[in-house]
Amino acid sequence: MLAGSNARILRYIVVASITLMLFYLFNSHHDTLPRPVPAPDQARAGSQPNPQNVAAVDRNVDSTQKPIPVDRDRQDAESSKPPASPSMKDAPSSMLDGTDPGPRANATFVTLARNADVWDIARSIRQVEDRFNRRFNYDWVFLNDKPFDENFRNITSALVSGTARFGQIPIEHWSVPDWIDEDKAKKVREDMKERRIIYGDSTSYRHMCRFESGFFFQHPIMQNYDFYWRVEPSIELFCDIPRDPFRFMKENAKKYSFTISLLEYVDTIPTLWDSTRKFMENYPQHVATDNSMEFLSDDGGQTYSMCHFWSNFEIGSLEWMRSDAYVDFFNSLDQDGGFFYERWGDAPVHSIAAGILLNKTELHFFDEIAYFHMPFTHCPNDAQSRIDLKCHCNPKDNFDWSRYSCTARYFEMMGLQKPDGVD
Ligand SMILES: Nc1nc2c(ncn2[C@@H]2O[C@H](COP(=O)(O)OP(=O)(O)OP(=O)(O)O)[C@@H](O)[C@H]2O)c(=O)[nH]1
Ligand SMILES: [Mg+2]
């Protein structure tokens, strides 16, 4: 009996030792062997906005990848172990693969495009998704004066990680209003053609500028959102965008933002400032107390500096655009007819509106959004930021401090520190 129970104890000891050995061996290998890193495509394929795919993305988060540097001062973290659960609060989320866990703003991308623009907008979408939206899955609204064809819908929907929505513009937002003298408008186009003013002879370009100035935010699909981010065909984004610019806008009460500013082509807007002054006289209640007149004018509002924010990129508040102040401003300009009798662009219109209707604190310059639209580039000035954000722009291409840019003037107005070597 005693001999039998000794043998059983011995068997238990042998089995337990083997189990412990195996357990030890398995665990030590688990710690040292690198796990396969998910291919970027795998992670992206999982970024569709349904719970199953979100889970798939989460499964692709690889905890054995290079440690995440917590911030610029702690680059030495590269040699230590990664934190058990990387926190969005203190880690550049560009280095995380999964869907961002944070709350979302009620926001959308918006693109005005023709069916023929499909491949140029496809390039832009791919850039925006890779650098930002694959982790945030915001919706994308496409607007067109004609119906979008199947090809456009299929190509763009496949690239957008949020929901793609397609809207046709109502005819009254894309036609010449009845108070415009069509003969006068035609003569202007002929004259501008002779003077070789870019897009000066185009009616559709004028509809586009008027639509972007006063109607895109009124489209029924846009009523579902509070913020928009405008994207045009053939743009480039050069850096990761780890933090959500929509949330930044919301949490900091920002209403209008830009990355590139420049001087407008005078011949396209000879009377825009006269119309603006008329509006300010008629609607003094809409003029903000702490406005940006310093940016817009060198002489306290007598004349226009021609400075504007380049509106092919903009992140803005739809609530502001739908406000009485903005709508009164647009309607007042529209009555004056300069969209057809001249060639007013939506960039100076938005910029003047932002400059006079908003307080300075409601504007924002997104330095970290490195951006290209032919022919200008914004590339962040700070070398370490370019490394952290995996930028691929050449800082020599940065337009910010060129004499045709107005960003230095914006910095001066806001009391921001310009980089060393810039006057
Ligand atoms: N649906 C539609 N979209 C248009 C039309 N004209 C321009 N767009 C879009 O409106 C936006 C601005 O037009 P662009 O041609 O890029 O104008 P731009 O940026 O001043 O000039 P570019 O230097 O050519 O880029 C783009 O998103 C175009 O796709 C049009 O007639 N119909
Ligand atoms: Mg463009």
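1. Two residues are taken to be in contact if their C-beta atoms, placed from the backbone, lie within 7 Å. In this predicted model, 78% of the chain's contacts between residues at least 6 apart in sequence join residues at least 24 apart.

2. The chain has 423 residues, of which 35% count as buried. Its secondary structure amounts to 16 helices and twelve strands.

3. One helix pair can be described in some detail. Helix α12 covers residues 324-336 and helix α14 covers residues 346-357; they pack with their axes 11 Å apart, at an angle of about 135 degrees. Angles that are neither under 35 degrees, over 145, nor 65 to 115 count as oblique, and α12 and α14 are therefore oblique to each other. Their crossing is right-handed.

4. The residues that form this helix contact are as follows. From α12 come A325, Y326, F329 and L333, and these meet V349, A353 and L357 of α14. By class, the contact of α12 with α14 consists of seven nonpolar residues, with no polar and no charged ones.

5. Ligand 1 is surrounded by 13 residues. The closest of them are A113, N144, S204, M208 and E232. Strand β1 (107-112) and helix α7 (203-214) each contribute at least two residues to the shell around ligand 1.

6. The class make-up of the ligand shell is mixed: five residues are nonpolar, four are polar and four are charged. The contact of α12 with α14, by comparison, has no polar and no charged residues.

Conventions. Residues are numbered from 1 along each chain as its sequence is written. Chains are lettered from A and ligands numbered from 1 in the order in which they are written. This is a predicted model: local features need pLDDT of at least 70, side-chain atom pairs count only at pLDDT 80 or more; totals for chains, interfaces and linings use all residues. Axes are lines fitted to C-alpha atoms, for helices over the stretch in contact, and angles run from 0 to 180 degrees between N-to-C directions. Helices (H or I, at least four residues) and strands (E, at least two) are DSSP runs, numbered from the N terminus. A crossing is left-handed if the near helix is turned anticlockwise from the far one by less than a right angle, and right-handed if clockwise. Ala, Val, Leu, Ile, Met, Phe, Trp, Tyr, Cys and Pro count as nonpolar, Asp, Glu, Lys and Arg as charged, and the others, Gly among them, as polar. A residue is near a molecule or strand if its C-beta atom, placed from the backbone, lies within 6 Å of it. A residue is buried if 20 or more other C-beta atoms lie within 10 Å of its own, exposed if 12 or fewer, and partly exposed in between; C-beta atoms are placed from the backbone.
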